[in-house]
Each structure stands twice: as C-alpha cells, then as structure tokens.
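Reader: I'd like a close look at one part of this model: the buried residues and what packs around them. Keep it informal, and follow the thread outwards to the surface when you're done.

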Amino acid sequence: MGGSRKTRAIRAALLSKGFMADDTHHEMFWLVVDGRKSSIRTRISHGVAEYGNNLLALIARQIGLSNRELYSLVDCPMDGEKLKRVLVERGKVRP
C-alpha cells in the first residue's frame with residue numbers, strides 16, 4: 001500500500017477522477033465538482049519522476065485524504081465519485 005508512486009500515475013489518477021490541470025511552473029490540479037473548480041487542489045512538480053512517502057503525504061493533506069486513501073485514489077480502487085462523496089462527508093466540498 002505505502003511506498004513511492006510514479007508522478008505520471010499520480011497525474012493520470014487525478015485527471016481521471018475529476019481534477020483538471022493548470023500547467024504553470026508546476027502542474028496545479030483542481031477538483032472539478034458540478035462543472036466548477038472547487039477549493040480542493042494540489043500541485044505536482046514537472047521535474048520529479050517519482051513521489052515518495054513525504055510528498056505523497058503532502059498531496060493527501062492538500063486534497064483532504066488520509067495517506068491510505070490517497071494510495072487508493074492513485075492505485076484506482078477509489079474512483080472519482082467515491083472521492084467526491086468522502087470530501088462532501090468531511091465538509092471539504094459542497095454537494
């Protein structure tokens with residue numbers, strides 16, 4: 001479950017589960033809910049090929065997930081609808 005993840009896998013998971021990317025110096029990913037950007041966002045550096053536990057924990061915190069939930073999001077058991085339900089239940093986004 002734990003361990004590092006390839007940056008491209010993180011990027012692909014975010015994009016396939018409701019995030020959109022704004023490409024600047026770092027790629028900024030915003031969760032889209034009902035066609036609008038929410039306040040849930042994270043960024044991924046262009047120059048990092050793989051994210052270890054510390055950087056993955058930072059992404060998890062930014063999105064509002066536990067480390068275990070982030071691994072589930074990246075590894076695909078958690079889909080975009082489940083992500084949104086979890087964040088609504090936690091009051092991070094509006095239904």
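Author: Buried residues come to 40% of the 95 in the protein. This is a predicted model, so everything below is computed from predicted coordinates. For the setting, there are 4 helices and 5 strands, and read from the N terminus the order is β-α-β-β-β-β-α-α-α. On overall dimensions, a compact globule of 95 residues would have a radius of gyration near 12 Å, and because the protein has 12 Å, the two agree. Along the principal axes, the C-alpha atoms fit a box of roughly 35 × 30 × 20 Å. Take the contacts between residues at least 6 apart in sequence: 44% of them link residues at least 24 apart.

Let's start the close look with helix H3, which spans residues 67-75. A run of its residues is buried, namely Glu-69, Leu-70, Tyr-71, Ser-72, Leu-73 and Val-74. What lies over them? The cover includes three helices, H1 (7-16), H2 (53-63) and H4 (80-89), along with strand E1 (5-6). Right after H3 ends, the backbone does something to note at Cys-76: phi turns positive there, at about 90°. Cys-76 is not a glycine, and it sits in the loop that links H3 to H4.

Now over to the strands, beginning with Glu-27. This charged residue belongs to strand E3 (residues 26-33). Is Glu-27 buried or exposed? Its relative accessible area is 10%, and the cut-off for buried is under 20%, so Glu-27 counts as buried. Its side chain has a partner, too: a polar contact of 2.4 Å ties Glu-27 to the side chain of Arg-11. Beyond neighbours within four places in sequence, Glu-27 touches Arg-11, Ala-21 and Asp-22, plus Thr-42, Arg-43, Ile-44 and His-46.

Next comes Ser-45, in strand E4 (residues 36-45). With a relative accessible area of 17%, Ser-45 also falls under 20%, and therefore it is buried. A polar atom of the Ser-45 side chain lies 3.3 Å from the backbone nitrogen of Gly-47. If you skip residues up to four places away, the contacts of Ser-45 are Thr-7, His-26 and Tyr-51.

Thr-7 turns up again when we move on to Glu-50, a residue of strand E5 (residues 50-51). Along the chain Glu-50 and Thr-7 are 43 residues apart, yet in space their C-alpha atoms are 4.9 Å from each other. Apart from residues up to four places away, Glu-50 touches Ser-4, Arg-5, Lys-6 and Thr-7. Lys-6 offers a polar link as well, with a side-chain contact of 3.1 Å to Glu-50. How accessible is Glu-50? The value is 36%, between the 20% and 50% limits, which means Glu-50 is partly exposed.

Helix H4, part of the cover over H3, has a residue in the partly exposed class too. Arg-85 sits in H4, and because its relative accessible area is 47%, Arg-85 is counted as partly exposed. For a sense of distance, Arg-85 and Phe-19 are 66 residues apart in sequence and 15 Å apart between C-alpha atoms.

That brings us out to the surface, where Asp-34 is a good stop. Asp-34 is in the loop between E3 and E4. Its relative accessible area of 62% is over 50%, so Asp-34 is exposed. Like Cys-76, with its phi near 90°, Asp-34 has a positive phi without being a glycine, here about 55°.

Asp-34 is also one of the residues lining the largest pocket. That pocket holds about 170 Å³ of space. Besides Asp-34, its lining has Val-33, then Arg-36, Lys-37, Ser-38 and Ser-39, and finally Lys-92, Val-93, Arg-94 and Pro-95. Which element gives the largest share of the lining? E4 does, with 4 residues. By class, the lining holds 5 charged residues, 3 nonpolar and 2 polar. E4 therefore appears twice in this tour: it provides that share of the pocket lining, and it carries Ser-45, which is buried.

Methods. Residues are numbered from 1 along each chain as its sequence is written. This is a predicted model: local features need pLDDT of at least 70, side-chain atom pairs count only at pLDDT 80 or more; totals for chains, interfaces and linings use all residues. Side-chain values use heavy atoms; hydrogens and water are left out. Helices (H or I, at least four residues) and strands (E, at least two) are DSSP runs, numbered from the N terminus. Buried means under 20% relative accessible area, exposed over 50%, partly exposed in between (1.4 Å probe, protein chains only). A polar contact is a pair of N or O atoms within 3.5 Å; within protein, one must be able to donate a hydrogen and the other to accept it, and residues adjacent in sequence count only if both atoms are side-chain atoms. Contact means heavy atoms within 4.5 Å. On a 1 Å grid over the protein atoms alone, a cavity is a set of points where a 1.4 Å probe fits but cannot get out, and a pocket is an open set with protein on both sides within 12 Å along at least five of seven lines; lining residues have an atom within 4 Å of a point. Grid points are joined across faces, edges and corners, and a volume is the space filled by probe spheres set on the points. Ala, Val, Leu, Ile, Met, Phe, Trp, Tyr, Cys and Pro count as nonpolar, Asp, Glu, Lys and Arg as charged, and the others, Gly among them, as polar. The radius of gyration is taken over C-alpha atoms; the globule rule is 2.2 Å times the number of residues to the power 0.38.
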